[in-house]
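Work through the exercises below with the structure open beside you, and try each task before reading its solution.

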Amino acid sequence: MTLISKSSEWQQLTAHWQKMQDVPMRNLFAVDPDRFKSMSLEACGLLLDYSKNRIDQKGLGLLQNLANKANLKQAIDDLFSGALVNKTEQSAALHTALRCQDGESLVYKGRDVCHDVRAVLEKMDQFTCALRTGEWKGATGKSITDVVNLGVGGSHLGPKMVTEALAHYADRTLRLHFVSNIDGTHLSETIRDLDPETTLFTVTSKSFTTLETMANAQVARRWCQDAMGSRANVLKHFVAISANRQRVTEFGIEEANFFEIWDWVGGRYSLWSAVGLPIALSIGMDRFRALLAGAAAMDVHFRTADFEHNIPVLLGLLGIWYIDFAGITSHAVMPYDQYLRYFPAYLQQLEMESNGKAVTLDGLPVDYQTGPFIWGSVGSDGQHSYFQLFHQGTHLTTTDFIVPVNSHNPLNGHHQKLLANCLAQTEAMMMGAGLTEIDQHKGERGGLDSVNRHKVCAGNRPSNTIVAKAITPEVLGALLACYEHKTYVQGAIWQINSFDQWGVELGKKLARVLEQELTSATMKGAHDASTLGLLNYCRDNMKE
């Protein structure tokens, strides 16, 4: 495989950035008054405005040429057809099949995975309905009031983010809690005020061996047993979501409380499966199915729309434009919606774990940047912290603004103020403010020129704006699928595997050795001087 950076399409983009890098976006709008019309599009309940980017139509065309050179269309077909796109693990990545609609089928390794998905969804439906209505009760006959999800990574971030994002639709008589950290404080503080007799634990782990999750599950089991005595009764308060039926059985969870996921579901793409059971318990299965339907609609858009009218493709290509040709590796995500406050953290795992790779599918070292740093927070909090760096700092960051036109909680003009702030920030980043705007009274007041220079904002900061009429289950599903596909677009063009995470496994392997050494008199492995010094300090000062 020849590196994509050696192609003429890549070289043309390199040359085009040299021409565009100093062009003010103000000028692009002045030359083309219809720029918003030509550089915005609407699909699946989302409006994407990408007109505030340092790019012209020629640059967009060159990016599409790069996509064609990378055979992106075939890569998209491979994703949906069950091809082995996860080549290092010889697996398909069939998260899109998790939202297959009625009448659809997809055969993979001799099985119709859509049939299997529908069977699990039906089991989820029955369980969710029984628990939410109070028909399903704990061991002592009391209804469940609290559900604690034990998971980490994709088994935690996705369900937590969606549950919070759709809290407006939640059944408030059922409280959802999420524990991911191996730090005992997280579990201790979560269950401190709960009643074991009315608490249900959902243990989510594909392998059912994940260190953090199983350590927390064992403590939760002891907590319940201390309160209720019989282990048989205790296990009625546990549900498992896993691909490892044997491990689930060994833990003691019965088949009726086991919800299957499959090896072809990557953790960070799994919220659409039984991993999303906490979501369904919160908002109900009808709305969970609406979430799936919204994602399925985005799947169709991604598969069928031309690249120039394809929201995930355009977002992916614009990211490559800045990362590889402008040298900007910092990307902020700013949801102007309190319900979406965990969305940036969710995207951190989705994009950085997927595309934080340094070798191609063939094992060749890349000679270009892959995977930007993703960060952000809910608006308008960011305006009072790090936006100063956006406007006047020396670092250049690209930004996605996400905002609903309508709020689920329309207080006294609050949402209009929020909307105004969001739109103002996109305008300020693009337009900036020079001395001509700031120093309008120069000469009258005298001596303030140097002070006014401190007020200058250079502008020309790129951003995308994604607008929805409201954040509904369907719209959220489309938004999440959009970012999944954006991530895949970039991975396909960078020629990397977006579905493995060997770097994560390295830390886990080393931790297992160090955990033993913290309480052992002998060393199991050889360590560098720093790690050895830290290890010895911790051993000498541990209280237990």
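**Exercise 1.** Find which residue of β12 is the bridge partner of His 331, and then describe how the two strands are joined.

*Solution.* In this predicted model, the bridge partner of His 331 in β12 is Thr 398. Looking next at the strands themselves, β10 covers residues 330-335 and β12 covers residues 398-404, and the two run parallel, joined by 5 bridges.

**Exercise 2.** Place these strands in their sheet, and work out why β1 and β11 each have one side without a neighbour there.

*Solution.* Begin with the strand order, which is β1-β2-β13-β12-β10-β11 in an open sheet of 6 strands with mixed pairing. Since β1 (40-43) and β11 (373-375) stand at the edges and each has a single partner strand, one side of each is left without a neighbour in the sheet. From one strand to the next, the twist averages 15°. Finally, add helix α17 (residues 414-431), which packs on the sheet by touching β12 and β13 (463-468), and whose direction makes about 160° with that of β12.

**Exercise 3.** Determine how many disulfides a search of the whole structure finds, and explain the result for Cys 457 and Cys 482.

*Solution.* The search of the whole structure finds 0 disulfides, where a disulfide would need two cysteine sulfur atoms within 2.5 Å. For Cys 457, the closest cysteine sulfur belongs to Cys 422 and is 17 Å away, which is too far for a bond. For Cys 482, the closest cysteine sulfur is in Cys 44, and at 8.6 Å it is also too far for a bond. Cys 482 is buried, with a relative accessible area of 1%.

Conventions: Residues are numbered from 1 along each chain as its sequence is written. This is a predicted model: local features need pLDDT of at least 70, side-chain atom pairs count only at pLDDT 80 or more; totals for chains, interfaces and linings use all residues. Side-chain values use heavy atoms; hydrogens and water are left out. Two strands pair if DSSP finds at least two bridges between them. Helices (H or I, at least four residues) and strands (E, at least two) are DSSP runs, numbered from the N terminus. Axes are lines fitted to C-alpha atoms, for helices over the stretch in contact, and angles run from 0 to 180 degrees between N-to-C directions. Contact means heavy atoms within 4.5 Å. Buried means under 20% relative accessible area, exposed over 50%, partly exposed in between (1.4 Å probe, protein chains only).
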